[in-house]
Structures are given as C-alpha cells and as structure tokens.
Amino acid sequence: MKKMPSLEHMRMLCAQYWNPIGFPMLSAESNDASGFPPLPDDEYDTYLLQVMRMLDDGSSDDDIIRYLDVVERDYLLMSAPAGSKSNFVREVRNAMQLYL
C-alpha cells in the first residue's frame, strides 16, 4: 500500500479545494497553517476514503474526477465550482509526495 495523507489531511484538502456542499465549520478554529475552516467529521469521509483507495490502486486523475462527478450528480445533488475537482486531485497528489 502506498503511503497516503491522513483522513484529517484529506478533509482539509477537501475543505479548501472540493467542497460542493460548501459548509465549512466557520465557528471552528483551524488545525492547520492554512487557517481554513475545517469540515465536520464524516461530511465527505466515504468519498474521501474511496479517493484514497483509487489513488492506492493507481487510478488516473481523470478516473478520480469522473468518480467525483458521479458523487456530485448522484449523491450530493450539488456541483462544486468549475475546476475544483482537478485542483483537489492535484493537491492530493502533491500531499502524497510528502509521504514518500
């Protein structure tokens, strides 16, 4: 298994780059240097864990973006801003480099 960012780190990246519901915990203090408000625990955990599995299995960025498209369309019934999925996947891959 490849070394992966923690689920907490994935939540932070999700809050910054892919958050179609758009509901950060504005009253909560950030735990990271970005100062970005965190997401509630488990807001996207099921989807983030799947993204982590896909990365571990060697899925392409396009495969992951297609998966996030399905999540938005079929489960969340909301869409993130244009470009946010590709930015999220890029930042997750960048985070993975920290764990090599």
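**Four helices and how they meet**

Let me start with one pair of helices: the axes of H3 and H4 come within 10 Å and cross at roughly 130°, where axes are lines fitted to C-alpha atoms, for helices over the stretch in contact, and angles run from 0 to 180 degrees between N-to-C directions. H3 and H4 are therefore oblique to each other, given that angles under 35 degrees count as roughly parallel, over 145 as roughly antiparallel, 65 to 115 as roughly perpendicular and the rest as oblique. The crossing of H3 and H4 is right-handed, a word that applies if the near helix is turned clockwise from the far one by less than a right angle, whereas anticlockwise would be left-handed.

Before going on, I should say that this is a predicted model, in which local features need pLDDT of at least 70 and side-chain atom pairs count only at pLDDT 80 or more, while totals for chains, interfaces and linings use all residues. Residues are numbered from 1 along each chain as its sequence is written, and side-chain values use heavy atoms, with hydrogens and water left out.

Now the overall picture. The chain has four helices and zero strands, and its pattern along the sequence reads α-α-α-α; helices here are DSSP runs of H or I with at least four residues, strands are runs of E with at least two, and both are numbered from the N terminus. The chain has 100 residues, and 40% of them count as buried, meaning under 20% relative accessible area, with exposed meaning over 50% and partly exposed in between, for a 1.4 Å probe and protein chains only. If we take the contacts (heavy atoms within 4.5 Å) that have a separation of 6 or more, 65% of them are between residues 24 or more positions apart.

Coming back to the first pair, which residues in H3 meet H4? They are Asp61, Ile64, Ile65, Leu68, Asp69 and Glu72, and on the H4 side they meet Lys85, Ser86, Phe88, Val89 and Arg93.

The loop between helix H3 (61-76) and helix H4 (84-97) holds Pro81, and Leu77 is found in the loop between H3 and H4 as well. Leu77 has a phi near 55°, a positive value in a residue other than glycine, and Leu77 is exposed, with a relative accessible area of 69%. Pro81 is exposed too, at 56%, and its C-alpha atom is 10.0 Å from that of Gly22, although these two residues are 59 apart along the chain.

Let us turn to H1, whose buried residues are His9, Met10, Arg11, Met12, Leu13, Cys14 and Ala15. What do these buried residues pack against? They pack against H2 and H4, and I will take the two partners one after the other.

With H4, the axis of H1 comes within 9 Å and crosses at roughly 150°, which means that H1 is roughly antiparallel to H4. This crossing is right-handed. The residues of H1 that take part are His9, Met10, Leu13, Cys14 and Tyr17, and they meet Ser84, Asn87, Phe88, Glu91, Val92 and Ala95 in H4.

Glu91, which has its place in helix H4, counts as buried because its relative accessibility is 17%. Not counting residues up to four places away in sequence, Glu91 touches Leu13 and Tyr17. Arg90 is also found in helix H4, but Arg90 counts as partly exposed at 39% relative accessibility. Arg90 and Tyr17 are 73 residues apart in sequence, yet their C-alpha atoms are 9.6 Å apart in space.

With H2, the axis of H1 comes within 10 Å and crosses at roughly 110°, so H1 and H2 are roughly perpendicular to each other. Here Leu7, Met10, Arg11 and Cys14 in H1 meet Asp45, Leu48, Leu49, Val51 and Met52 in H2.

Last, the core. A nonpolar core is a set of buried Ala, Val, Leu, Ile, Met, Phe, Trp, Tyr and Cys residues joined through side-chain atoms within 4.5 Å. The largest one has 24 residues, and those that touch the most other members are Met10, Trp18, Tyr44, Leu55, Ile64, Leu68 and Phe88. Each of helix H1 (7-17), helix H2 (45-56), H3 and H4 supplies at least two residues of this core. Which helix gives the most to it? The answer is H2, with six residues.
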